Amino acid sequence: MKKIVLLCSALLTVSACQKESYVATYSYNDLTVTTTYGRFTKDNASAQKKAQSEFKRDSRSVCRKEFGGGWSLSEIKNPGEMNCEETSDGHHCRIKDAQLSCKQVIDKGFGN
């Protein structure tokens with residue numbers, strides 16, 4: 001019984017090693033964005049945290065919205081600069097001139 005288990009394990013290992021690996025080719029497109037001002041807060045530090053949080057969340061879908069289906073965020077090349085205002089309603093901030101790199105799969109080839 002032990003020999004059968006070892007033989008099956010060896011065959012599975014050889015079989016797994018012979019499978020071809022997935023190699024995708026991407027098209028890249030860079031994008032510069034400025035977010036809208038976030039909601040008002042009582043202090044500047046809270047407004048900055050809120051703007052940063054919203055930017056991180058929203059940046060995942062910016063490429064798809066700008067270029068269409070199949071596009072996704074590859075990386076945030078430059079996080080941009082924090083831009084804040086104080087008004088009678090409180091503080092609010094946005095991220096200005098952030099640079100994103102977007103990618104789209106153009107070839108779903110298989111390599112060795």
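Trainee: Which element gives the largest share of the lining of the largest pocket?

Mentor: This is a predicted model, where local features need pLDDT of at least 70, side-chain atom pairs count only at pLDDT 80 or more, and totals for chains, interfaces and linings use all residues. Residues are numbered from 1 along each chain as its sequence is written, and side-chain values use heavy atoms, without hydrogens and water. A pocket is an open set of points on a 1 Å grid over the protein atoms alone, where a 1.4 Å probe fits, with protein on both sides within 12 Å along at least five of seven lines; lining residues have an atom within 4 Å of a point. Eight lining residues come from one element, a DSSP run of H or I with at least four residues: helix 2.

Trainee: How many residues line the largest pocket, and which are the closest to its centre?

Mentor: The pocket holds about 270 Å³ of space, a volume filled by probe spheres set on the grid points. The lining has 16 residues, and the closest to the centre are T34, T35, T36, D58 and V62.

Trainee: How do the lining residues divide into nonpolar, polar and charged?

Mentor: Ala, Val, Leu, Ile, Met, Phe, Trp, Tyr, Cys and Pro count as nonpolar. Asp, Glu, Lys and Arg are charged, and the others, Gly among them, are polar. The lining divides into six nonpolar, five polar and five charged.

Trainee: Why does F40 count as partly exposed?

Mentor: F40 lies in the loop between strand 2 and helix 2. Buried means under 20% relative accessible area and exposed over 50%, with partly exposed in between (1.4 Å probe, protein chains only). F40 counts as partly exposed because its relative accessibility is 37%.

Definitions and conventions:
Helices (H or I, at least four residues) and strands (E, at least two) are DSSP runs, numbered from the N terminus.
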